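These are my notebook entries on one structure, set down in the order in which I looked things up.

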Amino acid sequence: MPDGTPIAQSEHVLRLRSNDADELTTQIPDWDVELTQLQPGPFSGELTFISLGPALICRGKFDQPLLEHVAGPRGCLIVTRPGRGSAPLRYLGREIEDDECFIGGPASEGEAVSTGIQFPTALSVRLDAWQTAGEWLHESNLLTTRGTILRRTGLPWASAFLDAMTWIFEAVERHPDMVARADVRASMADVLLARVDVLGTGDLPVRQDRPARLQRRVAVERAR
């Protein structure tokens, strides 16, 4: 099968698989992603996206150490963290902890170095949809996020976030027709919105990153 070609898709589900990191990134919807392989050898990567209306979720697998530069969809709030079983991920010179996740605001971008197999897990929520979802979401301080921050959430929240994502992906895998129903997609999106809203009362950011083009090139050389 040609590199980077969608292997299965519907109106709401897109699955990608490739043995070329650059080719894989050209097929990713909405996100601007650069993957730089840091050691020689064959690469295998796969990503699955599920559209839930106001939310787009993704999870995947990369089997090589990578320099990952990611810019989230415009006008969205982004939540990402490595999935269970991932090798350590380094951000601004240190490994992120199990109780931390990345939060990105509009036009956010960030860069990290994976040290081995990685199971990326990501959620993006349109800010316009968030602001019309209900009174209880309006007050979240996440809506003022600028750039990319690494927030300490605590292990219970991080586990609950991954559990919710896993539940949705497994449910869609077992019952692929269910995601075609607008009420089901809305219910799934509400589960994730409720979890993310809790972050608005969490601890202060651990680090903040506003990478420049020069810093990216320096990071590539350092990682290599």
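I began with L92, which I class as partly exposed because its relative accessible area is 40%, a value between the cut-offs of 20% and 50%. The model is a predicted one, and in it L92 sits in the loop between β8 (89-91) and β9 (94-95). I noted its backbone as well, since phi of L92 is positive, at about 55 degrees, although the residue is not a glycine.

I then looked up D30, another residue other than glycine with a positive phi, here near 75 degrees. I found D30 in the loop that runs between α1 (21-26) and β3 (32-37). D30 counts as exposed because its relative accessibility is 60%, and the cut-off for that class is over 50%.

Next came D99, which belongs to the loop between β9 and β10. Is D99 buried or exposed? I record D99 as buried, because its relative accessible area is 18% and the class takes in values under 20%. Leaving aside neighbours within four places in sequence, I listed the contacts of D99 as R151, R152, T153, G154, L155 and A158.

A158 led me to helix α4, where it is one of the buried residues. I checked the geometry of the helix first: α4 covers residues 155-174, and its 20 residues should span 28 Å at 1.5 Å a residue, so the 28 Å between its end C-alpha atoms agrees with expectation. The buried residues of α4 I wrote down as W157, A158, F161, L162, A164, M165, I168, F169, A171 and V172. I kept in mind that an α-helix has 3.6 residues a turn, so residues three or four places apart point the same way.

I made the same kind of check on α5 (182-198), which has 17 residues and reaches 25 Å from its first C-alpha to its last, close to the 24 Å expected. In α5 I found V184, R185, M188, A189, L192, L193, V196 and D197 buried.

Turning to nonpolar cores, I found that the largest has 30 residues, and that I50, L52, I57, L123, I168 and L192 have the most contacts inside it. At least two residues of this core come from each of β5 (55-62), β7 (76-82), β10 (100-104), β12 (120-126), α4 and α5, and the largest share, nine residues, is supplied by α4. Apart from it I noted another core, of 18 residues, which includes A21, W31, F49 and C76.

I followed L123 further, again leaving aside neighbours within four places in sequence, and its contacts are A55, L56, I57, L77, I78, V79, F161, M165, L192 and V196.

How many cavities of 30 Å³ or more are there? I counted two, and the largest has a volume of about 500 Å³. Its lining has 30 residues, of which W31, E68, V70, T80 and A122 are the closest to the centre. I sorted the residues of this lining into 18 nonpolar, eight polar and four charged.

Last, I took totals for the protein chain, which has six helices and 14 strands. Of its 224 residues, 50% are buried. Among contacts between residues at least 6 apart in sequence, I found that 75% join residues at least 24 apart.

Definitions and conventions. Residues are numbered from 1 along each chain as its sequence is written. This is a predicted model: local features need pLDDT of at least 70, side-chain atom pairs count only at pLDDT 80 or more; totals for chains, interfaces and linings use all residues. Side-chain values use heavy atoms; hydrogens and water are left out. Helices (H or I, at least four residues) and strands (E, at least two) are DSSP runs, numbered from the N terminus. The expected span of a helix is 1.5 Å times one less than its number of residues. Buried means under 20% relative accessible area, exposed over 50%, partly exposed in between (1.4 Å probe, protein chains only). A nonpolar core is a set of buried Ala, Val, Leu, Ile, Met, Phe, Trp, Tyr and Cys residues joined through side-chain atoms within 4.5 Å. Contact means heavy atoms within 4.5 Å. On a 1 Å grid over the protein atoms alone, a cavity is a set of points where a 1.4 Å probe fits but cannot get out, and a pocket is an open set with protein on both sides within 12 Å along at least five of seven lines; lining residues have an atom within 4 Å of a point. Grid points are joined across faces, edges and corners, and a volume is the space filled by probe spheres set on the points. Ala, Val, Leu, Ile, Met, Phe, Trp, Tyr, Cys and Pro count as nonpolar, Asp, Glu, Lys and Arg as charged, and the others, Gly among them, as polar.
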